[in-house]
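The following exercises are to be worked through in order, with the sequence and the structure at hand. Each task is followed by a solution given in steps.

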Amino acid sequence: MQQFETEICQYTENIWKSILNLDVKKTVEEYCPLEGEDVLAGCVHISGEWQGVVALDCPQELAKKAASIMFQLSEDEVVSDLVQDALGELTNMTGGNLKSLLPEPCFLSLPAVTMTQHGLRIPGSELLTSVSFQCWGYKFRVSVLKKLEES
Amino acid sequence: MQFLEKEIQQYTHLVCSILLDFEIHPLPGTFERSSTNTISGSVQITGKWNGAIMLSLPSALVNTLTEKMFSLEPGKASIEDKKDAIGEMINMIGGNIKALLPDPSTLSTPLLAFEGHSLQFPSTKVVTHCHFECQGKPFAISLFEQVEKPFKERLKSK
């Protein structure tokens with residue numbers, strides 16, 4: 001099992017249930033966006049005694065649904081700013097929970113969000129753990145990347 | 001003048017000059033972000049001051065800077081090379097700016113977005129936007145500062 005995999009599953013299920021009242025389940029099928037598919041990617045940096053990134057990638061449609069639930073609006077009323085806010089908050093909560101597992105002291109950055117077809121790129125870091133989830137007919141992914149030691 | 005505008009101009013000039021031996025010149029107005037052609041790199045500052053610094057450039061300028069930094073032939077810069085080049089630039093500029101901000105604060109690893117989709121920072125506002133020209137092409141440095149209003153309050157106001 002990958003490092004933090006159990007905790008990622010637990011925290012992700014809890015966050016999506018408590019904030020959105022949505023059931024999410026880990027899936028063995030990896031989330032692989034289709035060619036040209038727009039993915040909304042959110043990430044928070046953790047710095048200090050441990051350095052790296054917690055990232056949340058999901059299809060734009062799922063992010064839009066999450067935003068409509070979070071802000072109690074219809075999907076037509078949800079504008080891109082709110083979708084980014086929603087994904088930023090989900091990423092922030094996921095990262096905040098995982099930070100509590102890391103050596104102290106560590107600091108959590110503000111979330112960054114972007115629409116991407118290829119994923120956010122984080123030079124000088126390596127993928128530690130990636131867990132895919134299923135929700136409402138969509139898949140999404142939570143990843144933890146660790147900063148590489150400088151040689 | 002915008003917050004730290006003069007210092008951002010100075011440090012950006014310094015980094016481009018030392019790292020690349022390129023001159024830059026301030027431009028008026030704002031950088032026109034392209035949906036397909038803009039590449040963004042950012043670092044985040046966390047601690048006594050919270051926000052982000054973002055570097056936005058057209059892909060042609062990214063190629064030029066990368067080729068210069070790694071002494072590559074035109075057209076030979078890989079995606080990994082570009083990641084490293086832009087990451088290094090924003091890391092240096094961000095590190096210099098962080099030194100001007102309230103302590104203690106930490107600097108994150110760089111974050112890059114390709115394909116022209118700009119990085120967004122929910123819960124922040126743009127406090128400074130500096131527009132430049134380098135090798136005949138425009139680019140920009142933007143400083144985002146965390147807004148005071150916590151997410152839950154914004155949630156209630158929607």
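## Exercises on a predicted complex

**Exercise 1. Determine which residue stands opposite B:His131 in strand 7 of chain B, and how the strands around strand 7 are arranged.**

Solution. The model is a predicted one.

Step 1. B:His131 stands opposite B:Ala140 in strand 7 of chain B.

Step 2. Strand 6 (residues 124-134) of chain B runs antiparallel to strand 7 of chain B, and 10 bridges join the two.

Step 3. These two strands form a hairpin with two residues between them. In the turn, B:Gln135 has a positive phi of about 55°.

Step 4. Strand 3 (residues 51-58) of chain B also pairs with strand 7 of chain B in the antiparallel sense, over six bridges. Here B:Ala52 has B:Phe144 as its bridge partner in strand 7.

Step 5. Strand 7 (residues 137-146) of chain B is largely enclosed by the rest of the structure, because seven of its 10 residues are buried.

**Exercise 2. Describe the overall build of chain B, starting from its secondary structure.**

Solution. Step 1. Chain B has four helices and seven strands.

Step 2. Read from the N terminus, the elements follow the order α-β-β-β-α-α-β-β-β-β-α.

Step 3. The radius of gyration of chain B is 16 Å, close to the 15 Å that the globule rule gives for 158 residues, so chain B is as compact as a globular protein of that length.

Step 4. Taken along the principal axes, the box filled by the C-alpha atoms of chain B is roughly 55 × 30 × 30 Å.

Step 5. Of the 158 residues in chain B, 41% are buried. Among contacts in chain B between residues at least 6 apart in sequence, 67% join residues at least 24 apart.

**Exercise 3. State how many residues each chain brings to the contact, and which elements of chain B take part.**

Solution. Step 1. Chain B brings 31 residues and chain A brings 32 residues.

Step 2. On the side of chain B that touches chain A, at least two residues each come from strand 2 (38-47), helix 3 (79-98), strand 5 (111-113) and helix 4 (151-157) of chain B.

Step 3. Strand 2 of chain B gives the most to this side, with four residues.

Step 4. By character, the residues on this side of chain B are 11 nonpolar, 15 polar and five charged.

**Exercise 4. Locate the cis peptide bond that involves A:Pro105 and the one that involves B:Pro104.**

Solution. Step 1. In chain A, a cis peptide bond joins A:Glu104 and A:Pro105, with omega about -5°. A:Pro105 lies in the loop between helix 3 (80-99) and strand 4 (106-108) of chain A.

Step 2. In chain B, a cis peptide bond joins B:Asp103 and B:Pro104, with omega about -5°. B:Pro104 is placed in the loop between helix 3 and strand 4 (105-107) of chain B.

**Exercise 5. Is B:Ser71 buried or exposed? Treat A:Trp136 likewise.**

Solution. Step 1. B:Ser71 is found in the loop between helix 2 (59-69) and helix 3 of chain B. Its phi is positive, about 50°, although B:Ser71 is not a glycine.

Step 2. B:Ser71 counts as exposed because it has 7 C-beta neighbours inside 10 Å, and the cut-off for exposed is 12 or fewer.

Step 3. A:Trp136 lies in the loop between strand 6 (125-135) and strand 7 (138-147) of chain A, and its phi is near 55°. With 14 C-beta neighbours inside 10 Å, A:Trp136 counts as partly exposed.

**Exercise 6. State what confidence the predictor assigns.**

Solution. Step 1. The mean pLDDT of chain B is 89, and 91% of its residues reach 70 or more.

Step 2. For the complex, the predictor gives an ipTM of 0.82 and a pTM of 0.87.

Notes: Residues are numbered from 1 along each chain as its sequence is written. Chains are lettered from A and ligands numbered from 1 in the order in which they are written. This is a predicted model: local features need pLDDT of at least 70, side-chain atom pairs count only at pLDDT 80 or more; totals for chains, interfaces and linings use all residues. pLDDT is the predictor's confidence in each residue, from 0 to 100. Two residues are in contact if their C-beta atoms, placed from the backbone, lie within 7 Å. Ala, Val, Leu, Ile, Met, Phe, Trp, Tyr, Cys and Pro count as nonpolar, Asp, Glu, Lys and Arg as charged, and the others, Gly among them, as polar. A residue is buried if 20 or more other C-beta atoms lie within 10 Å of its own, exposed if 12 or fewer, and partly exposed in between; C-beta atoms are placed from the backbone. Two strands pair if DSSP finds at least two bridges between them. The radius of gyration is taken over C-alpha atoms; the globule rule is 2.2 Å times the number of residues to the power 0.38.
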